[in-house]
Amino acid sequence: MANPIAWRADLLRLRQVSARHENHEPEMTNIENASTLQSIGGSTVARPHRDFSFSRILAITLNTLTELTRLKVFYVLLVFAVLLIGSSVFMAQFSFQQEFQILKDVSLGAISIFTSLLAIVATARLLPQDIEDRTVYTILAKPVPRFEYIVGKIAGVLLLLAISTLVMSAAFVLVLYLREQAVIHAALTQMSGTPPEQIAEVLATIRSSAFNIDIVPGIIIIYLKACLLAALTLFVSTFATTNIFTIVVMAFVYFIGHLQATAREYWLQEHGSGLLTRVFLAIVALLFPDLQAFNLVDDIVAGTAVSLAVFAKTALLGVFYTTIYTLLAAFVFYGKEL
Amino acid sequence: MTNPAVAVNGLTKIFSAPLHPARGIVAVKELNLRIEPGEVFGLLGPNGSGKSTTLKIILGLVSPTHGHTEIFGRDSRLVESREAVGFLPENPYFYKYLTGEETLRFFGRLCGLHGGRLKERINELLELVGLSKARKRRLGTYSKGMLQRIGLAQALIHEPRLVVLDEPTAGVDPVGSREIRDLILDLKRRGITVLLSSHLLAQAQEICDRVGILADGVLVREGHLQELIAIENQTELVIADASPQLINEVESVINRSKAKLIENRKSTTTLERLFLEATRNDNSKSKEK
């Protein structure tokens, strides 16, 4: 982290700008800027350099998505589909309430595990691979700030996770809908001749135990948990020497993160809530995010509605952690000797 | 006075050992260089002499311990200094899953190129490096020479004024090597400054205007190639269609003077030229069959 080139560069740029202000020199116009670029080393076909560019980030994002897609990480989704179909066939023997309950439990649990797994495995290799293949040299030898490179990489993974979560959720909702229709069809066949009010009551019970709109915020939180894990994996990979190291560290973080809340409660009971304890717990919470807090689906499957306040708080926590880890990754990568 | 394409002033790089900061490795020591626009400059030296480290510092990939470097007058730690530079690293792999065309599109977008201009530039470069037919093939299927050529194309995508090449012909066969050398000479004709590192001396001798020789991180020689390799008190005459009588007369004139004839031998072609001719003939014969 010594001698971070980019900091010095920013400092230098700041000095140049402030010197211009001190000398009461006007800011350069676009035309002057363009002609200066031509004369002191700009290229002739590219646009003048901008300190921050969404199109550069987008190029890295889409390239990362292409990389991960062509590495066939979407095979994970096939495993999910097989699991889903397999479990729905197996569960046909239960009562419809049990069947829907188990289907939701298994599917949402699988979405959570698969997105987390995908987040860690897909992200762990991104930076080390680019450094090993020297592609990072060719990218950073272009006018691309290191911050944009990191943001582009993580955005590519988040896009991949969003697509995967959407596909798995769509498959899950489809299977749930098909099973619901099958149960409704069977109920209607059995209840021929029953008064319409009674039929309507039974159908309402079937429908309410199948799809529940609370599933949607639950899935969003699962996605945010995966985003958090991806950003943390990227941060670890900025200083890790091998992919295996990153994956092992993340496996620890994953398990400790799920146990963290229990450990924290125990610690608070034993040591009270003094300033030192709170600082210590904040550091632990930063290193090992409370992943259990992102597990809203258990309550949803059990039929408990998730309040908007809880959803918003958890979603904000996810966005906060993802941002912090991305910034930390950019910070370490800034000073990295390539 | 115009800015030099590359200026290196008092550059020192020490890589510190992780557990023993005192036992650092000096990669480059007090290096001073000035490369003028339009020159082909060769940074020569054995493996581990500090060539790649120097190039990386010039490109802002590694920070110097002391000293500083500039590209066309801009501090090379500034991201915008790289607008003027195209870089081809040693043995580049790029993204194997991208095709040649996609690779150039990706690097073009990083340089702010878009739409029709980018498309046009991709076509021009694929044509220039002779990869138009392989544009839709993934890089995973490219040969070493093809990879090197697509690498050169990506380095040129934004029409840089300086091209930095780290061992551009390492591991490439003589035919591919000749093609890359021709491309470098073409860049020179277009007025593009080329800074290349190499330990293949015969090749550097053919294309470089000036060279610097690094040994253990220290610049031990630097200057115009012809001046550096000239032997001051010796002269070569190359004569075509000379009869034995003429040769005898020349020898007797030399013997009568104070000069001394050191060697009289038949001119030879280079092994490389022989190889290129032989393989070209074989190729055309096999095509005829």
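Student: A:Y321 and A:Y325, buried or exposed?
Tutor: Both A:Y321 and A:Y325 are buried (under 20% relative accessible area with a 1.4 Å probe, protein chains only; exposed is over 50%, partly exposed in between). This is a predicted model, where local features need pLDDT of at least 70, side-chain atom pairs count only at pLDDT 80 or more, and totals for chains, interfaces and linings use all residues; side-chain values use heavy atoms, without hydrogens or water.

Student: How many aromatic pairs over all chains?
Tutor: Ten (Phe, Tyr or six-membered Trp rings with centres within 6.5 Å; stacked under 30 degrees between planes, edge-to-face over 60, tilted for the rest).

Student: And why is the A:Y321 and A:Y325 pair called stacked?
Tutor: Their planes sit at 20° with ring centres 5.7 Å apart, so that pair is stacked.

Student: Where do those two tyrosines sit along the chain?
Tutor: A:Y321 and A:Y325 belong to helix 14 of chain A, residues 308-334 (a DSSP run of H or I, at least four residues, numbered from the N terminus). Since they are four residues apart there, about one helical turn separates them. Residues count from 1 along each chain as its sequence is written, with chains lettered from A and ligands numbered from 1 in the order written.

Student: Switching to chain B, which residues do ring pairs link into a cluster?
Tutor: That cluster joins B:F94, B:Y95, B:Y97, B:F106 and B:F107.

Student: What lies over the face of B:F72?
Tutor: B:R161, at 4.1 Å from the ring centre (Lys NZ or Arg CZ has to be within 6 Å of the centre and within 35 degrees of the ring normal).

Student: And over A:F333, what's there?
Tutor: A:R146 lies over that ring's face, 5.7 Å from the centre.
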